[in-house]
Amino acid sequence: MASIIVRPRARVFHGHDWVHDNEVLKVTGKPEDGAVVGLKDQRDRFLGSAIYNSRSKIPARRFSRQRQDLDADFFQRRIGMASEYRDKLGLDPRARREVWSESDGLPGLILDRYGDCVVMQTLTLAMDQRKDLIADAIETLLKPSCIIERNDAPVRKAEGMELHTGILRGAAPGPFEVTLAGVTFGIELPGGQKTGLYLDQADNYALVAQHAQGKRVLDCFSNQGGFALACAKAGASHVTALDISADACAAIEANAVRNGVRLDVTETNVFDWLKSAVTRGETYDLIILDPPSFTRDRARLNDALRGYKEIHLRAAQLLGNGGLLATFCCSHHVSDTIFLDVIRDAMVDAKKTARLRASYTQRADHPVILGLPESSYLKGHLLEMAPGR
């Protein structure tokens, strides 16, 4: 087995599973990209088995602390363990994330289940090279009618791979429906955003909707309408959903019909709409901010923080005393501390005082690994505008 000698004080010595390019002291054995390599310290002590890609800024990703190859038995065991874990949590197998990359010991592999279909992403070269082995394990363990490859994520470019989608096994299904947190969504595979739905927010739809009864609700960056639909079903007096995508707005309207609720759906730039709503003097009782990630890397972090501050400032201006703001950030480059600092600064500019009522995180089928802070990426908070301040 070829090896990577890791520099002292690299994060792998503190429980992380990634070795960045500036943490590599030496590569021995001339491994090919996508191969399995051993990780070692300077004293030749073995640290684990990792996948290797010289073209990546993270050339080594550990997947085992033992000597281990990526063979058929390995994928059967790891995917089986991931599925059993979701079963133990009581998560509905008709709509859940079955495998989530490093959090399940399969770096770069994502499997989502919708009905009897599995959507697969291979975001590292090693996993991409072993798609057939992975598909064999999926068919044996999960017995899907189809396996759909959704490899259009830009992160693949960092691994030197092309973007593409298609049917890997079986036949493409027609449109069908799945239910998350009491809300029914239409699914079209292999189309739609990401691998179908934003499964990580599923629990939060219901948690936020608990506060919606009798309220005027504004759902910003609504995507397929998860929060808006849940609030409408919970008895909101009026719900407005905003999204810049025409396809997303059409999906929200179709999902409203499926769920027997009425929404006002507007295709718009949310930043511009919020600013205009403040000028018009509109008010809401509950506002949800669930934007896409404003940054994919640290180089654009300051621009992202300005964006987060802007939407929080406008939302605070649209809320009266006692108004509620449910806000989320899905970028692992923005820590929860930084996120709360941005919200605080926005409240200062809006001359509002906000109470922290609750905090939210990703659903349990996106497990958080303590040694891998990047696995804890979704953070959310429920804030109340304090009266009389």
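## Lysine 30 and lysine 351

Start at lysine 30, which sits in the loop that runs between β3 (24–28) and β4 (36–40). This is a predicted model, and in it lysine 30 has a relative accessible area of 81%, so it counts as exposed. Its backbone is worth a look too: lysine 30 is not a glycine, yet its phi is positive, at about 55°.

Now jump to lysine 351, in the loop between α10 (336–350) and β19 (354–361). Here again phi is positive in a residue other than glycine, with a value near 60°. Is lysine 351 buried or exposed? With a relative accessible area of 72%, lysine 351 is exposed, since the cut-off for that class is over 50%.

## The chain as a whole

Time to zoom out. The protein chain has ten helices and 20 strands. Its radius of gyration is 22 Å, and the globule rule gives 21 Å for 389 residues; the two values are close, so the chain is as compact as a globular protein of that length. Measured out along the principal axes, the box filled by the C-alpha atoms comes to roughly 65 × 45 × 35 Å.

How much of the chain is buried? Of the 389 residues, 54% are. Contacts also reach across the sequence: take those between residues at least 6 apart, and 61% of them join residues at least 24 apart.

## Valine 208, inside helix α5

For a buried residue, go to valine 208, which belongs to helix α5 (residues 202–209). Its relative accessible area is 0%, and buried means under 20%, so valine 208 is buried.

What does valine 208 touch? Leaving out residues up to four places away in sequence, its partners are Phe227, Leu286, Ile288, Ala326, Phe328 and Tyr360. For a sense of distance, try glycine 182: this residue is 26 residues from valine 208 along the chain, and their C-alpha atoms are 13 Å apart.

## How α5 meets α6

Two packed helices can be described by the angle between their axes and the distance between those axes. For α5 and helix α6 (residues 226–233), the angle is about 40° and the axes are 8 Å apart. That angle makes the two helices oblique to each other, because angles under 35 degrees are the ones that count as roughly parallel. As for handedness, α5 passes α6 in a right-handed crossing.

Which residues make the contact? From α5 they are Asn204, Tyr205, Val208 and Ala209, and from α6 they are Gly226, Phe227, Ala230 and Cys231. Sorted by class, six residues of this contact are nonpolar and two are polar, with no charged ones. Val208 is the valine from the previous section, and its partner list there includes Phe227 of this contact.

## How α8 meets α9

Another helix pair is α8 (residues 270–280) with α9 (residues 301–317), whose axes come within 9 Å and cross at roughly 30°. At that angle, α8 and α9 are therefore roughly parallel to each other. The crossing of α8 past α9 is left-handed.

On the α8 side, the contact is made by Phe271, Leu274, Lys275 and Val278; on the α9 side, by Gly307, Glu310, Ile311, Arg314 and Gln317. The contact of α8 with α9 has four nonpolar, two polar and three charged residues.

## Two more loop residues

Cysteine 330 is in the loop between β18 (319–329) and α10. Its relative accessible area is 25%, so cysteine 330 counts as partly exposed. Which residue sits 48 places from cysteine 330 along the chain, with the two C-alpha atoms separated by 4.5 Å? That is leucine 378. Leu378 is also one of the residues that cysteine 330 touches, along with Pro291, Pro292, Ser293 and Tyr377, when residues up to four places away in sequence are not counted.

Last stop: glycine 174, in the loop between β11 (164–170) and β12 (176–180). Glycine 174 is partly exposed as well, at 41% relative accessibility. Between the C-alpha atoms of glycine 174 and leucine 106 there are 30 Å, with 68 residues separating the pair along the chain.

How values were computed: Residues are numbered from 1 along each chain as its sequence is written. This is a predicted model: local features need pLDDT of at least 70, side-chain atom pairs count only at pLDDT 80 or more; totals for chains, interfaces and linings use all residues. Side-chain values use heavy atoms; hydrogens and water are left out. Axes are lines fitted to C-alpha atoms, for helices over the stretch in contact, and angles run from 0 to 180 degrees between N-to-C directions. Helices (H or I, at least four residues) and strands (E, at least two) are DSSP runs, numbered from the N terminus. Angles under 35 degrees count as roughly parallel, over 145 as roughly antiparallel, 65 to 115 as roughly perpendicular and the rest as oblique. A crossing is left-handed if the near helix is turned anticlockwise from the far one by less than a right angle, and right-handed if clockwise. Contact means heavy atoms within 4.5 Å. Ala, Val, Leu, Ile, Met, Phe, Trp, Tyr, Cys and Pro count as nonpolar, Asp, Glu, Lys and Arg as charged, and the others, Gly among them, as polar. The radius of gyration is taken over C-alpha atoms; the globule rule is 2.2 Å times the number of residues to the power 0.38. Buried means under 20% relative accessible area, exposed over 50%, partly exposed in between (1.4 Å probe, protein chains only).
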